[in-house]
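Subject: Structure for you to look at

Hello,

Here is the structure I promised to pass on. Please open it first, then read my notes beside it.

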Amino acid sequence: MHEGELHDLSDDADYAAAQQQGSASMMRCDSEKRRSSNEQEGAEIVFSKDNVTIHPTQFASERIGGRLKLIKQSSSLFLTWIPYKGQSTNARLSEKDMNLYTIREVPFADVRSIRRHTPALGWQYIIVVLSSVHSTFKSLQFLLMIGLAFPPLYFYNGGVREFLATVKQHVFLMRSAEDANIFLVNNFQNPLQQTLSSLELPGAVSIACVPSTPDLGGESASHENEERNDDAILDGSPSTRQYDRRERQKVHDPARDISIHVLEKFSLVTKFARETTSQLFGETQNNTFNVFERINFNQSILDSSQKPHNDAVEVNISVPSDPFELNNLSLAWGKPRQPPLELEEWATFLDSEGRVVDSDALRKRIFYGGVEHKVRKKVWEILLGYQAYESTYAERESRRSMKRTEYEIIKNQWQSISPEQEKRFTKFRQRKGLIEKDVVRTDRSISFYSGDDNPNLNLLHDILLTYSFYNFDLGYCQGMNDLLSPILFVMEDESESFWCFAALMERLGPNFNRDQNGMHSQLFALSKLVELLDGPLHNYFKQKDCLNYFICFRWILLQFKRELEFEKTMLLWEVLWTHHSSEHLHLYVCVAILKRYRGKIMEEQMEFDTLLKFINELSGEIDIDAILRDAEALCLCAGENGVSCIPPGTPPSLPLCNDIYLNPELEDKVL
């Protein structure tokens with residue numbers, strides 16, 4: 001679709017609301033322009049557009065409308081985007097939350113590129129990608145900190161062409177040779193592009209995030225590429241052969257470069273990759289993390305004397321003391337772990353008809369002890385939201401029967417595809433091929449999945465392929481097989497496993513979105529929590545160019561599935577799903593692990609590549625009981641300051657409500 005074409009969206013409720021909002025905002029336009037003229041002496045507004053909107057989450061009610069401006073002062077051009085005041089009726093987004101996304105006076109000298117996207121249906125949007133962080137920023141949103149790119153700016157009333165034309169009048173603007181929809185700003189020499197071209201990574205400049213709104217025309221480049229470097233992504237080993245396969249594929253979708261595959265590919269190669277990611281994502285080091293409130297630590301604690309490590313090393317390197325010594329902290333805050341919940345004790349939480357009497361007490365009990373395996377099937381379906389806490393035995397059985405029928409209907413959609421249809425159904429073939437390739441290497445060391453012609457592998461395959469039809473926009477991404485495997489192991493039923501997996505993906509699904517906003521927001525929150533709870537360690541990561549925290553990418557993506565033994569993984573997951581301490585407890589688990597090994601990391605002065613290797617080698621070495629106790633202690637100690645470190649909309653570990661699949665009329669309509 002060309003930029004000048006129009007869409008008839010008059011029947012779209014969200015569009016109508018946006019139009020109404022824009023009409024109201026125009027009444028304020030003249031007075032605001034007069035005020036803005038005084039903001040900077042000699043400044044001239046050369047472009048102004050209303051109803052330019054940011055979508056922080058997938059919910060339509062959480063969109064933030066605002067005004068986009070281009071301001072000329074002297075010979076410099078600045079970009080601003082200010083949200084409308086008092087327009088949001090959504091309780092989830094406070095005025096403070098909205099202000100986090102404010103873009104104030106960004107000089108185009110710090111802009112690397114502008115990505116224009118024109119979907120087949122919907123609003124045009126742009127993504128502004130930065131090359132550095134300006135020291136005069138007054139407000140900074142979390143996406144800027146991680147991807148060095150502002151969130152997509154949707155032009156509800158059109159105007160993308162006029163915006164680009166205005167920019168071109170004042171700065172040097174040229175199209176990228178890799179993608180005609182990417183406009184490079186002030187790109188006179190472009191050494192980064194030359195460097196990345198030597199690696200033959202397609203579309204290397206196009207690092208901007210792409211929204212998760214369905215775009216069937218371009219989705220396949222991100223999700224359904226059959227050669228996605230699967231082993232190197234999640235197993236921690238780079239593959240030259242897989243690079244060679246990628247170089248032969250002509251890719252025009254820049255979303256691919258921000259996908260989990262390129263992100264973690266960059267985090268898995270050596271120091272050269274660290275330097276490349278540093279250029280791509282420009283880890284923010286100029287005091288730009290001071291966005292959220294934090295604990296005002298006693299300066300004497302932060303400046304306490306450094307103590308040398310006792311181990312003999314060739315160079316005597318002092319390791320800064322830990323502001324929160326974990327051993328002491330866990331004793332003071334963390335409660336001892338308990339034995340797992342057994343069948344007899346489980347029965348005490350139910351009334352005569354099977355309802356959970358006290359859900360808070362049950363979640364607390366599971367948080368501190370986990371669940372005995374023979375009880376897991378009954379407990380997991382409730383923790384995940386597939387069954388309601390208040391449901392009776394009879395209601396749960398009725399629901400199983402109903403959902404089994406529904407599952408068979410969805411499954412039949414792909415089972416009924418004939419060979420002739422499949423030849424003409426590229427997306428289906430690609431997804432099916434990826435699933436088949438991943439399933440055969442999923443947890444084969446576990447007896448449940450071991451051996452040739454294992455029927456459980458067939459179930460794994462069928463559930464994943466059915467889910468790709470159930471959630472066609474998201475489809476299938478590598479790593480989903482890891483998340484489904486323990487669920488099928490516990491539930492031992494195809495339909496129930498599917499619905500429990502679907503419930504889990506309601507929260508973890510954003511981790512696999514094309515725009516990677518879910519992962520970015522969690523990595524940003526992790527960086528803030530480390531800064532809050534261990535300033536010296538955070539400063540060390542800053543010194544070593546590790547502030548993007550890609551070293552923890554696999555931990556978050558797979559919820560530590562590759563780091564723990566199978567039984568310990570199930571224990572951790574059921575603890576996370578309780579929401580007892582925090583819906584983001586997995587981030588505190590990350591902090592706890594990093595703090596446990598901080599001495600070794602800092603003493604050995606690990607660089608990015610050695611640090612990544614060390615992190616990957618922790619697999620199977622983590623004492624999850626001790627880490628959970630540490631994580632609880634850190635969470636309690638951080639308190640509200642820890643909560644403020646986590647941007648709104650950051651994916652939690654549990655659905656927002658346990659009846660997310662029981663209530664067909666949700667308050668928010670998902671896009």
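Start at Glu372. Is this residue buried or exposed, or something in between? Glu372 has a relative accessibility of 23%. Buried means under 20% and exposed means over 50%, so Glu372 counts as partly exposed. Keep in mind that this is a predicted model.

Glu372 sits in the loop between α15 and α16. Which residues does Glu372 touch, once those up to four places away in sequence are set aside? They are Pro340, Leu341, Glu342 and Leu343. Take Glu342 from that list. Glu372 and Glu342 are 30 residues apart along the chain. Their C-alpha atoms are separated by 5.4 Å.

Now look at Glu353. This residue lies in another loop, between α14 (343-348) and α15 (359-369). Glu353 has a relative accessible area of 41%, so it is partly exposed. Its contacts beyond four places in sequence are Thr392 and Tyr393. Ser391 is 38 residues from Glu353 in sequence. In space, the two are 8.6 Å apart, C-alpha to C-alpha.

Next comes the chain as a whole. It has 671 residues, and 58% of them count as buried. Its secondary structure comes to 30 helices and 11 strands. Take the contacts with a separation of 6 or more: 74% of them join residues 24 or more positions apart.

Helix α16 covers residues 373-383. Its buried residues are Val375, Arg376, Val379, Trp380, Glu381, Ile382 and Leu383. Note that Arg376 and Glu381 are on that list. What do the buried residues of α16 pack against? The partners are α14, α15, α17 (393-415), α21 (480-491), α22 (494-508) and α26 (566-577). Just after α16 comes Gly385, with a positive phi of about 90 degrees.

Positive phi turns up elsewhere too. Most residues other than glycine have a negative phi. Two residues to check here are Glu105 and His579.

- Glu105 has a phi near 50 degrees. It is placed in strand β4 (residues 103-107). Its relative accessibility is 19%, so Glu105 counts as buried.
- His579 has a phi near 60 degrees. It lies in the loop between α26 and α27 (585-596). Its relative accessibility is 24%, so His579 counts as partly exposed.

Helix α5 (residues 160-170) is a good one to view end on. Val160, Phe163, Leu164, Thr166 and Val167 are buried there. Why do they line one face of the helix? Seen down the axis of α5, the buried residues fall within an arc of 160 degrees, so they share one face. Arg161, Lys168 and Gln169 are exposed on the other side of α5. The general rule helps: an α-helix has 3.6 residues a turn, so residues three or four places apart point the same way.

Then follow helix α23 (residues 517-533) to two of its partners. The first to look at is helix α30 (residues 624-644). These two helices pack at an angle of about 110 degrees, and their axes are 11 Å apart. That angle makes α23 roughly perpendicular to α30. Leu529, Leu532 and Leu533 make the contact from α23. From α30 come Leu634, Ala638, Asn641 and Gly642. By class, five of these residues are nonpolar, two are polar and none is charged.

The other partner is helix α24 (residues 535-543). Here the angle is about 130 degrees, with the axes 5 Å apart. The two helices are therefore oblique to each other. Ser527, Val530, Glu531 and Leu533 of α23 meet Gly535, Leu537 and His538 of α24. This contact has three nonpolar, three polar and one charged residues.

Last, the nonpolar cores. How many residues are in the largest one? It has 117. Met480, Phe541 and Leu594 have the most contacts inside this core. Select Leu594 and look around it. Beyond four places in sequence, Leu594 is in contact with Val530, Leu537, Phe541, Tyr549, Ile551, Cys552, Trp555, Ile601 and Ile615. A second, separate core has 30 residues. Phe47, Leu77, Val160 and Phe163 are among them. You met Val160 and Phe163 earlier, as buried residues of α5.

Best wishes

Methods. Residues are numbered from 1 along each chain as its sequence is written. This is a predicted model: local features need pLDDT of at least 70, side-chain atom pairs count only at pLDDT 80 or more; totals for chains, interfaces and linings use all residues. Side-chain values use heavy atoms; hydrogens and water are left out. Axes are lines fitted to C-alpha atoms, for helices over the stretch in contact, and angles run from 0 to 180 degrees between N-to-C directions. Helices (H or I, at least four residues) and strands (E, at least two) are DSSP runs, numbered from the N terminus. Angles under 35 degrees count as roughly parallel, over 145 as roughly antiparallel, 65 to 115 as roughly perpendicular and the rest as oblique. Contact means heavy atoms within 4.5 Å. Ala, Val, Leu, Ile, Met, Phe, Trp, Tyr, Cys and Pro count as nonpolar, Asp, Glu, Lys and Arg as charged, and the others, Gly among them, as polar. A nonpolar core is a set of buried Ala, Val, Leu, Ile, Met, Phe, Trp, Tyr and Cys residues joined through side-chain atoms within 4.5 Å. Buried means under 20% relative accessible area, exposed over 50%, partly exposed in between (1.4 Å probe, protein chains only). The arc is that of the directions from the helix axis to the C-beta atoms.
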